Amino acid sequence: PASATQSFQPDRKYISKMKLSLLTFAALAGATSAFVPAPQANVARVAAVFMAEEEAATEEAEEAAPAPAPAAPTYTCMSREAILAEPNTIEFGQKWDPLGLSDLGSDETIAWFRHAEVKHGRVAMAAFVGWWAVGAGLRLPGELATGIDFASIPSKGLEAWDAVPGWGKAQMLLFAGLIEFHDELFHSRRGEGGHYLRGGVPGKNMVPGLYDPLGFSSKKTPEQLARGRSVELKNGRLAMIGFAGLWAEASIPGSVPFQPDC
């Protein structure tokens, strides 16, 4: 038994080594404790890391979420089909649009196209009649400007335009600009159904007294008004082609077959 007890006693050298290791570990732990922040700082650091991770997760969720759909407009523009229903296409049997312009954009795009077409057609009709009147020798009485009588204006279209003084040309362009401005303004404020891009009728003149000052159109039926719009569109298109032919012949003689000197 004595020998058995002695066999279970640990080696003194081993115990000394263990004590030395523990003392060394304690010394190192004590030396490094000076660089460890206080418990409050540790808590603040953990909270900051947690908040940063939460914010990152929130941003990822917002980026992954689909964008909200835009609010539906409160107006209804005239549809593409309703605009292109006029005028009729008896001449071609179908809509003549080789470039596919009527397929571009939205209903608002087509409404703007139609409004511009009607205006350009009206200007072209007035320009064609004016060119013809000057070429036919018709003149207004009095003076165009100081020292320039209407009777002295040349009979050819571009030469007659060149004879107008610069300030006279500026007045005409300014007058056209004022008509355009007030037409847009009155479309927004007085147009039945609103602006022509917001439900109003494209091409409708809104400047008081400029078109139909005697109010003949107010006595027409809806069918007659629809036919009048179709006729105006077709005449305007023809006038644009006719005025382009006059200008081409005046600029380049012989460029338009069977067109006399103008």
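## Glu180 and its partner

Glu180 is partly exposed in this predicted model, with a relative accessible area of 37%. Its side chain meets that of Lys119 in a salt bridge, 2.7 Å from N to O. That contact links distant parts of the chain: Glu180 sits in helix H7 (residues 166–190) and Lys119 in helix H5, 61 residues apart.

Lys119 is buried, at a relative accessible area of 17%. Lys119 also makes a salt bridge with Asp183 (3.0 Å, N to O), and here H7 and H5 are joined across 64 residues. Asp183 is buried too, just like Lys119. Add Glu184 and you have a network of salt bridges: Lys119, Glu180, Asp183 and Glu184.

## From H5 to H8

The structure has eight salt bridges. One of them pairs Glu117 with Arg237, with the closest N and O atoms 2.5 Å apart. Glu117 is in helix H5 and Arg237 in helix H8, so this pair ties together parts 120 residues apart in sequence. Arg237 is partly exposed, with a relative accessible area of 34%.

## Two cavities

There are two cavities of 30 Å³ or more. The largest has a volume of about 40 Å³, and Glu117 and Arg237 turn up again among its lining residues. Helix H8 supplies the largest share of that lining, five residues. By type, the lining splits into three nonpolar, two polar and four charged residues.

The second largest cavity holds about 40 Å³ of space. Its lining includes His187, Glu192, Lys204 and Met206, and the full set divides into two nonpolar, four polar and two charged residues.

Notes
Residues are numbered from 1 along each chain as its sequence is written. This is a predicted model: local features need pLDDT of at least 70, side-chain atom pairs count only at pLDDT 80 or more; totals for chains, interfaces and linings use all residues. Side-chain values use heavy atoms; hydrogens and water are left out. On a 1 Å grid over the protein atoms alone, a cavity is a set of points where a 1.4 Å probe fits but cannot get out, and a pocket is an open set with protein on both sides within 12 Å along at least five of seven lines; lining residues have an atom within 4 Å of a point. Grid points are joined across faces, edges and corners, and a volume is the space filled by probe spheres set on the points. Helices (H or I, at least four residues) and strands (E, at least two) are DSSP runs, numbered from the N terminus. Ala, Val, Leu, Ile, Met, Phe, Trp, Tyr, Cys and Pro count as nonpolar, Asp, Glu, Lys and Arg as charged, and the others, Gly among them, as polar. A salt bridge is a side-chain nitrogen of Lys or Arg within 4 Å of a carboxyl oxygen of Asp or Glu. Buried means under 20% relative accessible area, exposed over 50%, partly exposed in between (1.4 Å probe, protein chains only).
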